[in-house]
Amino acid sequence: MESLEALLELLTPLARLGRPALAAIDGRCGSGKSTLAGLAAHRLGCPLFHMDDFFLPPALRTPERYAAPGGNVHYERVEAELLRPLRETGAACFRPFDCRSMDFSAPIRAELTGLALVEGSYALHPALRDFYRLRIFLEAPWPVRRARLLDRGGPELLARFQGEWVPLEDRYFQACRVRDCCQLVLSGQ
């Protein structure tokens, strides 16, 4: 996989620093972020964190919050419970948000001595960007993404993504100029 090798070329030196370093992979739904990040984390033996664990809880889902580009992720919690503690102390503890139960799961504790990856849409929200040594954007054409979303959850999930999540993502990517802040842009095809 060409994208994986290009990614590993930049991540490997960070993994060898001997001190905590964070890298983020952002991109549109279905672009292959989770797969690519999982492969890279496995090859490098580093922890992988998912933005889906920081889904916005129902109490914060207000029209005002959704009106802000990138407001549909709990980026404040990503910073406070994951990124800032990892950068400052090398350790973090957070409770993933479970979309099925609409509640928080058991706490996850993480210690970091080298590189850690954060993957998912909104990982490069403007409030979070400065925490990362490397920022990666993964893109794929809509037909590829559509097929992946359809395969992931069938027509019902695809319709929900098209009607709800894709417009929110599109607004975030455009308003926050996410692709432009990245040192590396890869194809998720």
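This report walks through the aromatic pairs and the largest pocket of a predicted model.

## Aromatic pairs

Let's start with the rings. Searching the whole structure turns up eight aromatic pairs. One of them brings Phe-49 and Phe-94 together edge-to-face, with 6.0 Å from centre to centre and 70 degrees between the planes. Phe-49 sits in strand 2 (residues 48-50) and Phe-94 in strand 3 (residues 91-94), so this pair ties together parts that are 45 residues apart in sequence. If you go looking for these two side chains on the surface, note that both Phe-49 and Phe-94 are buried.

There is also a cluster to look at: Phe-55, Phe-97, Phe-104 and Trp-165 are linked into one by ring pairs.

## The largest pocket

Now for the pocket. The largest one has a volume of about 1,100 Å³, and 38 residues line it. To find its centre on screen, pick out Cys-29, Ser-34, Asp-52, Arg-152 and Phe-161, the lining residues that lie nearest to it.

## What the lining is made of

Which elements each supply at least two residues of this lining? They are helix 1 (2-15), helix 2 (33-44), strand 4 (97-98) and helix 5 (142-175). Helix 5 gives the largest share, with seven residues.

As for chemistry, the lining of the largest pocket is a mix: 14 residues are nonpolar, 13 are polar and eleven are charged.

How values were computed
Residues are numbered from 1 along each chain as its sequence is written. This is a predicted model: local features need pLDDT of at least 70, side-chain atom pairs count only at pLDDT 80 or more; totals for chains, interfaces and linings use all residues. Side-chain values use heavy atoms; hydrogens and water are left out. Rings of Phe, Tyr and Trp (its six-membered ring) pair if their centres lie within 6.5 Å; planes under 30 degrees apart count as stacked, over 60 as edge-to-face and the rest as tilted. Helices (H or I, at least four residues) and strands (E, at least two) are DSSP runs, numbered from the N terminus. Buried means under 20% relative accessible area, exposed over 50%, partly exposed in between (1.4 Å probe, protein chains only). On a 1 Å grid over the protein atoms alone, a cavity is a set of points where a 1.4 Å probe fits but cannot get out, and a pocket is an open set with protein on both sides within 12 Å along at least five of seven lines; lining residues have an atom within 4 Å of a point. Grid points are joined across faces, edges and corners, and a volume is the space filled by probe spheres set on the points. Ala, Val, Leu, Ile, Met, Phe, Trp, Tyr, Cys and Pro count as nonpolar, Asp, Glu, Lys and Arg as charged, and the others, Gly among them, as polar.
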